[in-house]
Amino acid sequence: MKHVEITRQPLIEADRFVLRPVRRSDVGMLSMYTADERVASGTRSIPHPLPPGTTEAFIERSLQDGRREDVWVMDGARDDGREVLGVISLTQLDRAQSQLGYWVAPGFWNTGIASEAVQALVAANPQNNTSIFAEVFQDNPASARVLTHAGFEYIGDAESHCVSRNANVPTWTYINKIS
């Protein structure tokens, strides 16, 4: 019998919410938020319009053993808030490094949710990283402020393909070296 390693993600406490693994029951809220062009255009990988089945496939990938990307939902239900405020993830690279990604639902923009989530995830360091990279589109300076507020340092310009825009978009790249 082949041994299969089950990869568990920790629950991470933040002040106003928890970061918890994705659940299949999140499909409705995740679909609603990611169908919003404003959310999709701020990410590399969310298509717009959102094709049927995209969210379900994302959730299934997020639940697979042996995945490279750990995904957490920013869940405010503990404090009588919305169950889904946004999503944050770490994609494992090599040499104890990961890449951070996140989005927040538009109704919660400019409330500090993203900053709190990034800070909580970096402090928890669930993948035992020595450094975490992140990139933001240059037309999204608010996300750049989230990163610098969480201790990330700017390391250069690049560009990434944005599926919803069907274009390469200039980015700023950041690193957080974890001590």
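A residue is called buried when its relative accessible area is under 20%, and exposed when that value is over 50%. With these terms in hand, helix α5 is a friendly place to start in this predicted model. The helix spans residues 141–149, and its buried residues are Ser143, Ala144, Val146 and Leu147. Viewed down the axis of α5, these buried residues fall within an arc of 155°, so they line one face of the helix. Arg145 and His149, in contrast, lie on the other side of α5 and are exposed.

The buried residues of α5 have several packing partners: strand β5 (97–104), helix α4 (113–124), strand β6 (131–137) and strand β8 (167–177). Just after the helix comes Gly151, which takes a positive phi of about 90°.

A second point of interest is how two other helices meet. Two packed helices are described by the angle between their axes and the distance between the axes. For helix α1 (residues 27–34) and helix α3 (residues 54–63), the axes come within 9 Å and cross at roughly 120°. An angle from 65 to 115 degrees would count as roughly perpendicular, and one over 145 as roughly antiparallel; α1 and α3 are therefore oblique to each other. Their crossing is right-handed.

On the α1 side, the contact is made by Val27, Leu30, Ser31 and Thr34, while α3 contributes Thr55, Glu56, Phe58 and Ile59. Sorted by character, the residues of this contact between α1 and α3 comprise 4 nonpolar, 3 polar and 1 charged.

Notes:
Residues numbered from 1 in each chain as written. Predicted model: local features only at pLDDT ≥ 70, side-chain atom pairs only at ≥ 80, totals over all residues. Heavy atoms only, no water. Axes fitted to C-alpha atoms, helices over the stretch in contact; angles between N-to-C directions. Helix = DSSP H or I, 4+ residues; strand = E, 2+ residues; numbered from the N terminus. Parallel < 35°, antiparallel > 145°, perpendicular 65-115°, else oblique. Left-handed = near helix turned anticlockwise from the far one by under 90°. Contact = heavy atoms within 4.5 Å. Nonpolar A, V, L, I, M, F, W, Y, C, P; charged D, E, K, R; others polar. Buried < 20%, exposed > 50% of the residue type's maximum accessible area, 1.4 Å probe, protein only. Arc of directions from axis to C-beta.
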